[in-house]
Amino acid sequence: MARSTPPPFKFLFSHPGHFIACGCGSGLSPFAPGTAGTLFAWLTYPLLRMALPDDNLFVVFLLAGFGLGVLASDITGRHLGVSDHGAIVWDEIVPFWAVLMFMPAGFTLAALGWQLLAFLTFRFFDIVKPFPANWFDSRVKNGFGVMMDDVVAAGYTVFALLLAQQLWNVM
């Protein structure tokens, strides 16, 4: 199966790992599945934070989500015949939830602006894959590699946006 050809809908329910790795179906988008997965993360983040308002508990949740993502991505990649198939978007979801922890919360214009900037910046770094994201993407062909290139993109995103917030506060 080609990297960009979405699997059939029934694939989503043929194994629990597929449902997770494919981002509850968001990865089946025929257009820009990584962006669809990131959008899914943005839309579900407020609900998760209502359920897990404590930052420490949320970090534990993210770490568990990362570990689950390694397993689910590995299984799904093997079943699709491509280690980092385009339909696998859990690797966008968990790291973007982590990015949103550092952004202003809520639905004010300012908060939504920072969240949108985080969305666009994360997508940029996920697509460009600066080192070491490109190393994980090209050399680590398993669930860990799938998850790690997006963790790196999230790190670049948080760094860039925290720097932007500091510069904004100075001006």
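## Helix α1 and the surface patch

F19 lies in helix α1, which covers residues 16–21. In this predicted model, F19 is partly exposed, its relative accessible area being 31%. Together with F9 and F13, F19 makes a nonpolar surface patch of about 340 Å². Patch members must have over 30% relative accessible area, and F19, at 31%, meets that cut-off.

## Overall fold

The chain has seven helices and zero strands, giving the pattern α-α-α-α-α-α-α along the sequence. Its radius of gyration is 16 Å, close to the 16 Å that the globule rule gives for 171 residues, so the chain is as compact as a globular protein of that length. The C-alpha trace spans about 50 × 35 × 30 Å along its principal axes.

Of the 171 residues, 46% count as buried. Among contacts in the chain with a separation of 6 or more, 70% are between residues 24 or more positions apart. The accessible surface of the chain comes to about 8,800 Å², and carbon and sulfur atoms account for 75% of that surface.

## Nonpolar cores

The largest nonpolar core has 27 residues, and the members that touch the most others are F58, F96, W97 and V99. Helices α2 (33–51), α3, α4 (90–101), α5 and α7 each supply at least two residues of this core. Helix α4 gives the largest share, seven residues.

Which residues does F58 contact, leaving aside its neighbours within four places in sequence? They are Y45, L48, R49, L52, W97 and M101. Of these contacts, W97 is also named with F58 among the core residues that touch the most other members. Apart from the largest core lies another, of six residues, including F11, L12, C22 and A87.

## Salt bridge within helix α3

The structure holds five salt bridges. One of them joins D74 and R78, with the closest N and O atoms 3.4 Å apart. Both residues lie in helix α3 (residues 55–80), and they are four residues apart, about one turn of the helix.

Are the two partners buried or exposed? D74 is partly exposed, with a relative accessible area of 25%, whereas R78 counts as exposed at 55% relative accessibility.

## Salt-bridge network around K129

K129 has salt bridges to two aspartates. Its side chain meets that of D126 at 3.1 Å, N to O, and that of D149 at 2.8 Å, N to O. D149 lies in helix α7 (residues 143–170), while K129 is in the loop between α5 (109–128) and α6 (133–139), so this pair ties together parts that are 20 residues apart in sequence. Through shared partners, salt bridges join R123, D126, K129 and D149 into one network.

Where side-chain burial is concerned, K129 has a relative accessible area of 14% and is buried. D126 also counts as buried, at 5% relative accessibility. D149 is buried as well. The cut-off for burial is under 20% relative accessible area, so the values of 5% for D126 and 14% for K129 both fall within it. The bridge between D74 and R78 in helix α3 instead pairs a partly exposed residue, D74, with an exposed one, R78.

Terms used: Residues numbered from 1 in each chain as written. Predicted model: local features only at pLDDT ≥ 70, side-chain atom pairs only at ≥ 80, totals over all residues. Heavy atoms only, no water. Patch = residues over 30% accessible without salt bridge, like charges linked within 9 Å, V, L, I, M, F, W, Y side chains within 5 Å. Areas by Shrake-Rupley, 256 points an atom, 1.4 Å probe, with all protein chains shown as cover. Salt bridge = Lys/Arg side-chain N within 4 Å of Asp/Glu carboxyl O. Buried < 20%, exposed > 50% of the residue type's maximum accessible area, 1.4 Å probe, protein only. Rg over C-alpha atoms; globule rule 2.2 N^0.38 Å. Contact = heavy atoms within 4.5 Å. Core = buried A, V, L, I, M, F, W, Y, C linked by side-chain atoms within 4.5 Å.
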